[in-house]
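User: I would like to learn how to read a model like this one, feature by feature. Where do we start?
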Amino acid sequence: MAKKEMKPSQIKAQMEAENAAALEALRKRREKEHRKMERSKGSNKQVGKSWKDDIGIFIVLTLLGSFMLLPIYIAIVTSLKPVNEIFIMPPRLYAMDPTTDNFKDLFIVANNSWVPFSRNVFNSIFVTVVATVLHVVFACMAAFILAKCRFPGAKFINKVVVVSLLFTSQVTYIMQYMVMAKLGMINTYSALILPLIASSMGLYLMIQSIGQIPDAMIEAAKVDGAGLMRICWGIVMPNSKPALMTIIIFQFQAAWNSNGGSLVYDEALKTIPTVVQQIAAAGIARQGAIAASAVVLMIPPLAIFIAAQSNVMETMAHAGMKD
Amino acid sequence: MAAETQKKEILLPNERKMSFKERWHYTWHEMKRNKVCYAMLFPFMIFFIVFTVIPVCMSLPIGFTDFDMAHFPPKFVGFQNFYTMFLEDDVFIGSIRTTLIFAIFTGPLSYAMSFMLAWLINELHPVLKTIFTLIFYAPSMAGNIYFVWQLIFSGDSYGYLNALLNELGITTAAIQWLTDANYVLICVIIVQLWVSMGAGFLAMRAGFQGIDKSMYEAGAIEGISNRWQELIYITIPSMGPQLMFAAVMQIVSSFTVDMVGRSLAGFPSTDYKAHTIMTHAFDYGWIRYEMGYSSAICFVLFLAMLVCNNIISKILGKYMN
């Protein structure tokens, strides 16, 4: 009985929700179909392409690529070598008797330090995720405004961003430390996170890429009554996906590898790179452990890289914009 | 009356001669009109100002002082630091030469290589694209992996390169790659090139991915018949912003070569062969605690990069338009 006596406003709300759900499903299906269509078209719609050229390109890239990969390959092999093989003469490009001892050693040493290793892992993940999310959100908004809006001071701020890119040096690092000390941030999470948010490299890349989006697209959205926030996240960002994914990679990597050694001295606040560096510096022929740590530290950025790169749908760019 | 004020408002920006008060009024009006812009800029700018702008502004005046981080306030010495740098410091003059060699070899070369590779990769199948992008970007992701190059270039016969040359019978004795003054520079340049497929390369890949595919279809109709023409008439002109970004990144990375040299060739390196301007600044800043002198060195380097950046953006800008 109570159900039937719903107020008109409630009925309206319910209907709206149903409508929205149906629309969403329709949109998703369309997107899927669109993707499928694009894929079936294949990448061969450019002119003058022949499979012979492709094989030539493939061979050149493979040769150069093996030069790029060689040191990483050696690092992986070294991390799998038992101690007696590390000092074999002449050195070999493979492990005769691969073991995981180096990795085990690394975790044993890490667990025997002042705080449990899981704490450092948590620190690293926390710092990286917060710094990446905040940087990407803030930088995207700022980049959209700087690239597409005209307001007093826009030109000046754009210039400052470019100049600040050129001014990355150890001297600024010391001044940064002094500013942080004044703000009482030393030995807190904010000392690790906040400076990472201010990186101007991602901002500059976003400004450059958003600049390529046709003004007409934004004007059209304005005419339709969308606010700046809506335009930024609903129209501009989906259309600059490649750049967006690229700055996510940059920032994740910078945050993950950032070594806040001098900014925090509390063991419970240290991140994995700092701890690993301490272990590696602890002496005795730890070549194997150093290699193992390098390999382990490479895995998260690698995962993000692959996830981000495969997310870039190339067909997205300026889809539906013809002017 | 209402119409008149409206008219005035529209005319104001076009009017050539505005009094100071009017101009200020107009600016204020514009600022109020665009307050959403400022609100959206604010979160990033607050961090940017505190952690980048203020430290940079603080470090500029330090270059004119004698400052050891312990005695406050810093002692003002005028142009003394710059005078010492160019007229008395032989190591600094040598480091200019080294930095220029690095910049000339690694800068344009790795810029061109980044572009060529990004373009070649773009011609391949989507799955291969991801794999090759990963391969060429991997060195920048690997963080502190220089120790592997130390193994490769190691001076005894444990070194991979020496072992290989011995095996092939090219050399009979081990070569001291990283301490022999003849080889240090070339070794460090190779490693720098290896590590340089970083931000610029990835930005160019993003640029290629962002190009509107219909442009190529249009180009085909207009009579473009091969890949080279496609590259010159369609691809490069529509990648201007990414090329500019990569250029700035390349300038910064090739003028501030430091870590690679220090961790490979040791510090200080033999005969200061791998001693760059940045290494010199590191030496004074972090080892001798002469922050004033170190800041002055960085300032000179910054000016050099600024000039270089302006020249390159002029050239690129002309080409793009």
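User: Among the elements of chain B, which has the lowest mean pLDDT, and which the highest?

Analyst: This is a predicted model, and pLDDT is the predictor's confidence in each residue. In chain B, helix 1 (residues 2–11) sits at the bottom with a mean of 48. Helix 5 (residues 90–122) of chain B has the highest mean, 89.

User: What does the model show over residues 1–9 of chain B?

Analyst: Read confidence together with contacts. Over residues 1–9 of chain B, pLDDT stays under 50. The model has zero contacts for that stretch beyond four places in sequence. Set this against chain B as a whole: its mean pLDDT is 82, and 93% of its residues reach 70 or more.

User: What ipTM and pTM does the predictor give the complex?

Analyst: The ipTM is 0.82 and the pTM is 0.80.

User: Now the fold. How many helices and strands are there in chain A?

Analyst: Count the elements, then look at the contacts. Chain A has 14 helices and zero strands. Of its 323 residues, 38% count as buried. Now take the contacts in chain A between residues at least 6 apart in sequence: 77% of them join residues at least 24 apart.

User: Which residues touch the most other members of the largest nonpolar core?

Analyst: For a core, look for its best-connected members. The largest nonpolar core holds 146 residues, and A:Ala139, A:Ala142, A:Ala143, A:Met206 and B:Phe44 touch the most other members. Helix 5 (residues 117–148) of chain A gives the most to this core, 13 residues. A second, separate core has five residues, including A:Met175, B:Ile62, B:Phe67 and B:Met291.

User: What is A:Ala142 in contact with, leaving aside its neighbours within four places in sequence?

Analyst: Its partners come from both chains. They are A:Leu203, plus B:Met40, B:Leu41, B:Phe44 and B:Met45.

User: Next, helix packing. At what angle do helix 5 and helix 9 of chain B pack?

Analyst: Read angle, distance and handedness in turn. Helix 5 and helix 9 (residues 184–195) of chain B pack at about 30 degrees, with axes 10 Å apart. Angles under 35 degrees count as roughly parallel, so these two helices are roughly parallel to each other. Helix 5 of chain B passes helix 9 of chain B in a right-handed crossing.

User: Which residues meet where helix 5 and helix 9 of chain B come together?

Analyst: List each side. Helix 5 of chain B brings B:Ile101, B:Phe102, B:Phe105, B:Thr106, B:Leu109 and B:Ser110. They meet B:Leu185, B:Ile189, B:Gln192 and B:Leu193 in helix 9 of chain B.

Conventions:
Residues numbered from 1 in each chain as written. Chains lettered and ligands numbered in written order. Predicted model: local features only at pLDDT ≥ 70, side-chain atom pairs only at ≥ 80, totals over all residues. pLDDT = per-residue confidence, 0-100. Helix = DSSP H or I, 4+ residues; strand = E, 2+ residues; numbered from the N terminus. Contact = placed C-beta atoms within 7 Å. Core = buried A, V, L, I, M, F, W, Y, C linked by C-beta atoms within 7 Å. Buried ≥ 20, exposed ≤ 12 C-beta atoms within 10 Å, placed from the backbone. Axes fitted to C-alpha atoms, helices over the stretch in contact; angles between N-to-C directions. Parallel < 35°, antiparallel > 145°, perpendicular 65-115°, else oblique. Left-handed = near helix turned anticlockwise from the far one by under 90°.
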